Amino acid sequence: MFKTVFITGATSGIGKATAQLFAKNKYKIIICGRRIERLIELQKELSKFTEVHYLSFDIRNKVDVFNAVNSLPTNFKNIDILINNAGNAHGLGTIDKGNLDDWDAMIDGNVKGLLYVSRAILPQMVERKDGFIVNIGSIAGKEVYANGNVYCASKYAVNAINKAMRIDLNEHNIRVSAIHPGAVETEFSEVRFKGDKEKASNVYKGFKALEAKDIADIIYFVVTRPYHITIEDLVVYPTAQASATILKRE
Ligand code: NDP
Ligand code: 8X3
C-alpha cells in the first residue's frame with residue numbers, strides 16, 4: 001500500500017517541489033495552501049502519477065486547520081508523513097520599528113500554524129504507533145542575524161518544537177526530523193519584501209542559490225531511510241553561503 005504524505009505550503013517553492021517528487025514516487029499526496037487555484041492546478045499535474053487531494057486553509061486559523069484535517073476522505077485519512085513546510089518571513093527591519101501585523105503573521109503561521117497542524121494529525125499517528133514528521137526550520141533558527149528578529153524567533157521556536165516532538169513522541173515510534181535551509185530561491189523573498197520583485201531577486205544575485213527541488217530531494221532522502229535511522233537535524237547551505245551573513249557573490 002502506498003504511503004500518504006500531507007504537505008503544508010504546497011502552492012509554491014519547497015512544498016510544491018516536495019509534492020512533485022513524492023507524487024512521482026507514487027506516494028498519495030495531500031497538498032495544502034491558501035491559493036486554491038494553484039492547488040487545483042497542482043492536483044491536475046500530479047494526478048498523472050498518483051492520488052492527490054487538496055485542502056485549502058490558512059494555518060493560522062485553528063478551527064479551519066482542524067476542519068480541514070477532519071474533512072479528509074477515508075482513503076486519505078491515515079497520514080503516514082507530515083511535512084510542516086508552510087511559512088514565510090514578513091518584513092526585514094530593526095525590532096524597534098517592527099510592524100505588528102508582520103510579527104503576528106510570522107508567529108501565528110510559522111509557529112502556531114505548525115503546532116495546530118501537528119496537533120490535528122498526531123493523535124492518529126500515536127494511535128497507530130507509526131508516523132514521520134518533517135519540520136522545515138531555517139538557518140534563521142540556528143543563528144540570529146541583523147533585522148531578522150521575529151522571523152529568527154519563529155524559526156528558533158520550530159527548532160525547539162522539533163526537539164520537543166522527538167522527546168515526547170519517542171515512546172510512540174514516531175520519527176521526527178528538521179531540515180534547516182539557507183538561501184533557497186523561491187517566492188520567499190517576494191513575500192518578505194511584500195511583492196517587490198527587484199528587491200527579492202537581488203537576494204539571489206551573484207551566487208548559485210539552492211533550488212526548491214534540492215530541499216525536496218533531501219526531504220525525500222530523510223524520510224526514505226530505513227526505520228532504525230532518524231536524521232534529527234540537518235542544516236543545508238548553498239556552497240557559496242557560510243552563515244546567514246557570509247555569502248560569496250561573484
Ligand atoms: P514560498 O513563499 O515559495 O512558499 C511558502 C508556502 O507556505 C506557500 O505554499 C504558502 O501558500 C504557504 N503559506 C504561507 N503562509 C501560509 C498560511 N498562513 N497558511 C497556509 N499556507 C501558508 O517559500 P519557501 O518555499 O521558500 O518556504 C517554505 C518554508 O521554507 C518556509 O517555512 C520557510 O520559512 C522555509 N525556508 C525558506 C528558505 C528560503 O530561502 N526560501 C530558507 C529556509 C527556510 P499560500 O500562500 O498559498 O497559502
Ligand atoms: C530563510 C533564510 O537567511 O533569509 O529562512 O533567514 S534567511
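Reader: Okay, starting with ligand 2: how far is a polar side-chain atom of Tyr145 from an oxygen atom of that ligand?

Author: They're 2.6 Å apart. Keep in mind that this is a predicted model. Tyr151 does something comparable with its side chain: one of its N or O atoms sits 2.6 Å from an oxygen atom of ligand 2. Then there's Arg192, with a polar side-chain atom 3.2 Å from an oxygen atom of the ligand.

Reader: And how much of ligand 2 does the protein cover?

Author: On its own, ligand 2 has 240 Å² of accessible area, and the protein covers 83% of that.

Reader: Which residues surround ligand 2?

Author: Ser138, Ile139, Ala140, Tyr145, Tyr151, Phe188 and Arg192. Sorted by type, that shell has five nonpolar residues, one polar and one charged.

Reader: Cool. Now ligand 1. How many residues surround that one, and which are the closest?

Author: Ligand 1 has 29 residues around it, with Thr11, Ser12, Arg34, Tyr151 and Thr186 as the closest. You've met Tyr151 already, as it also belongs to the residues around ligand 2.

Reader: What mix of residue types is in the shell around ligand 1?

Author: Eleven are nonpolar, twelve polar and six charged. As for where they come from, helix 1 (13–24) and helix 5 (149–169) each give at least two residues to the shell.

Reader: What distances do you get between ligand 1 and the polar side-chain atoms of Thr11 and Asp58?

Author: For Thr11, it's 2.7 Å to an oxygen atom of ligand 1. For Asp58, the partner is a nitrogen atom of the ligand, at 2.9 Å. Arg34 joins in too, with a side-chain N or O atom 2.6 Å from an oxygen atom of ligand 1. Overall, the protein covers 96% of the 880 Å² of accessible area that ligand 1 has on its own.

Reader: Switching topic! Which residues of helix 2 are buried?

Author: In helix 2 (residues 36–46), the buried ones are Leu39, Leu42 and Leu46. Looking down the helix axis, they fall within an arc of 70°, so they line one face of the helix.

Reader: Why would residues three or four places apart point the same way?

Author: Because an α-helix has 3.6 residues a turn.

Reader: Ah, nice. What do the buried residues of helix 2 pack against?

Author: Three elements: helix 1, strand 2 (28–33) and strand 3 (52–56). The face turned away from that buried side carries Glu41 and Lys44, which are exposed.

Reader: What about Ser118, is it buried or exposed?

Author: Ser118 counts as buried because its relative accessibility is 2%, and the cut-off for buried is under 20%. You'll find Ser118 in helix 4 (residues 100–128). Its side chain reaches the backbone oxygen of Leu114 at 2.7 Å. Leaving out residues up to four places away in sequence, Ser118 touches Leu82, Asn84 and Met165.

Reader: Last thing: what sign does phi have in most residues other than glycine?

Author: Most of them have a negative phi. Lys129 isn't a glycine, yet its phi is positive, at about 60°. Lys194 has a positive phi as well, near 50°.

Reader: Where is Lys129 found, and where does Lys194 lie?

Author: Lys129 is in the loop between helix 4 and strand 5 (131–136), while Lys194 is in the loop between helix 6 (188–192) and helix 7 (197–203). Lys129 counts as partly exposed, with 39% relative accessibility. Lys194 is exposed, at a relative accessible area of 55%.

Definitions and conventions: Residues numbered from 1 in each chain as written. Chains lettered and ligands numbered in written order. Predicted model: local features only at pLDDT ≥ 70, side-chain atom pairs only at ≥ 80, totals over all residues. Heavy atoms only, no water. Near = heavy atom within 4 Å. Polar contact = N/O pair within 3.5 Å; in protein donor to acceptor, adjacent residues only side chain to side chain. Areas by Shrake-Rupley, 256 points an atom, 1.4 Å probe, with all protein chains shown as cover. Helix = DSSP H or I, 4+ residues; strand = E, 2+ residues; numbered from the N terminus. Nonpolar A, V, L, I, M, F, W, Y, C, P; charged D, E, K, R; others polar. Buried < 20%, exposed > 50% of the residue type's maximum accessible area, 1.4 Å probe, protein only. Arc of directions from axis to C-beta. Contact = heavy atoms within 4.5 Å.
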